[in-house]
Amino acid sequence: MSKKILITGASSGFGRGTAIELARAGHEVVAAAETWPQVRSLRADAEAAGVELEVIKLNLLDEIDIAHAGTYTPDILVLNAGVMEGGSIVDIPLKRARESFEINVFGHMALVQAIVPKMVARKSGKVVWTSSMGGILVVPFLGVYCATKHAIEAIAGSMKAELAPHGVQVATVNPGVFGTGFNDTGAESYVQWYDADTAVVPMPDFGDSLAGQADPQEMIDAMVEIIPAEDHLYRTMRPVATIDAAKQWQETEWTQNV
């Protein structure tokens, strides 16, 4: 059965691939991109792929954009947009930390508060949050990013319990390290402010951690499968090998010394 799906952060990576493949599968997709050049580029990508997408501009720091996106009434809301800022907790500028939360968390919460009441009123709908492997474990020097994803885990878990009695489903998808370019951008982001001569904690070389990133298609295929599905796991993490790593990380928090 065809669904109307609104997905944020659809200009690249998982969002772009998922939006196009959901449209190819016959769903009515509203794909949101941050800037007008990205909107036009995504429209061209959809045309080249031979699918129909309604592409809208949605900057999650822009109240006007959020209000416009909030006028839609999708069956499924996919909260996929995000930014990653590198830096140690004692060095990263608070402006960067606040912006990460504004985009990854609060902008999406504003969209939730605009759209989900309509789902509750009709007693049907679904919200899918793109969390991360970093919502379960912590990667040093990506603490702010992981903190936003930990926040998403708490928000999604609370929403799941709150909305279930009203017929609205909530789920998360948790990507590991995939070669979408997102991790590479995050690893480079600190160069805008970092000063090796004044930093309290020196930044490491991220080169090795960026080698051998997984094929994004595995995550896109999983998202395309679970987003419109009526019945699936609450959390979908890929690559599959990452699931055991995440569970082992949680176990070490109960057993390791300081």
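Helices are DSSP runs of H or I with at least four residues, and helices and strands are numbered from the N terminus. This convention underlies the names used below for a predicted model, in which His108 has its place in helix H4.

**Overall fold**

The secondary structure of the protein chain comes to 9 helices and 7 strands. For a chain of 258 residues, a compact globule would have a radius of gyration near 18 Å, and because the protein chain itself has 18 Å, the two agree. Taken along the principal axes, the C-alpha atoms fill a box of roughly 55 × 40 × 35 Å. Buried residues make up 47% of the 258 residues, and among the contacts with a separation of 6 or more, 74% are accounted for by residues 24 or more positions apart.

**His108 in helix H4**

Is His108 buried or exposed? Buried means under 20% relative accessible area, and His108, at 1% relative accessibility, therefore counts as buried. Leaving aside neighbours within four places in sequence, His108 is in contact with Thr8, Leu60, Leu79, Asn80, Ala81, Ile103 and Trp129. His108 can also be placed relative to Ile66: the two residues are 42 apart in sequence, and their C-alpha atoms are 8.7 Å apart in space.

**Helix H5 and its packing**

Helix H5 covers residues 143–163, and its 21 residues should span 30 Å at 1.5 Å a residue; the end C-alpha atoms are 30 Å apart, so expectation and model agree. The buried residues of H5 are Gly143, Val144, Tyr145, Cys146, Thr148, Lys149, Ile152, Glu153, Ile155, Ala156, Met159 and Leu163. An α-helix has 3.6 residues a turn, so residues three or four places apart point the same way. The partners against which the buried residues of H5 pack are helix H4 (94–122), strand E5 (125–130), strand E6 (168–175), helix H6 (182–188) and strand E7.

**Backbone features in loops**

Several loops hold residues with notable backbone angles, which are listed here.

| Residue | Loop | Backbone angle |
|---|---|---|
| Lys123 | between H4 and E5 | phi near 65 degrees |
| Phe141 | between E5 and H5 | phi about 75 degrees |
| Pro239 | between E7 and H9 | omega near -5 degrees, from Arg238 to Pro239 |

The phi of Lys123 is positive in a residue other than glycine, and Phe141 likewise has a positive phi although it is not a glycine. The third entry concerns a peptide bond, that from Arg238 to Pro239, which is cis.

**The second largest pocket and helix H9**

The second largest pocket has a volume of about 270 Å³ and is lined by 14 residues, of which Leu233, Arg235, Thr236, Met237 and Ile243 lie nearest its centre. Which elements each supply at least two residues of this lining? They are helix H8 (217–226), strand E7 (235–238) and helix H9 (240–255). By class, the lining has 7 nonpolar, 3 polar and 4 charged residues.

Strand E7 thus contributes to the pocket lining and is also among the elements against which the buried residues of H5 pack, while the loop between E7 and H9 holds Pro239. Within helix H9 is found Thr242, which counts as buried because its relative accessibility is 9%. Not counting residues up to four places away in sequence, Thr242 touches Met133 and Met237, and Met237 is one of the residues that lie nearest the centre of the second largest pocket.

Definitions and conventions. Residues are numbered from 1 along each chain as its sequence is written. This is a predicted model: local features need pLDDT of at least 70, side-chain atom pairs count only at pLDDT 80 or more; totals for chains, interfaces and linings use all residues. Side-chain values use heavy atoms; hydrogens and water are left out. On a 1 Å grid over the protein atoms alone, a cavity is a set of points where a 1.4 Å probe fits but cannot get out, and a pocket is an open set with protein on both sides within 12 Å along at least five of seven lines; lining residues have an atom within 4 Å of a point. Grid points are joined across faces, edges and corners, and a volume is the space filled by probe spheres set on the points. Ala, Val, Leu, Ile, Met, Phe, Trp, Tyr, Cys and Pro count as nonpolar, Asp, Glu, Lys and Arg as charged, and the others, Gly among them, as polar. The expected span of a helix is 1.5 Å times one less than its number of residues. Buried means under 20% relative accessible area, exposed over 50%, partly exposed in between (1.4 Å probe, protein chains only). Contact means heavy atoms within 4.5 Å. The radius of gyration is taken over C-alpha atoms; the globule rule is 2.2 Å times the number of residues to the power 0.38.
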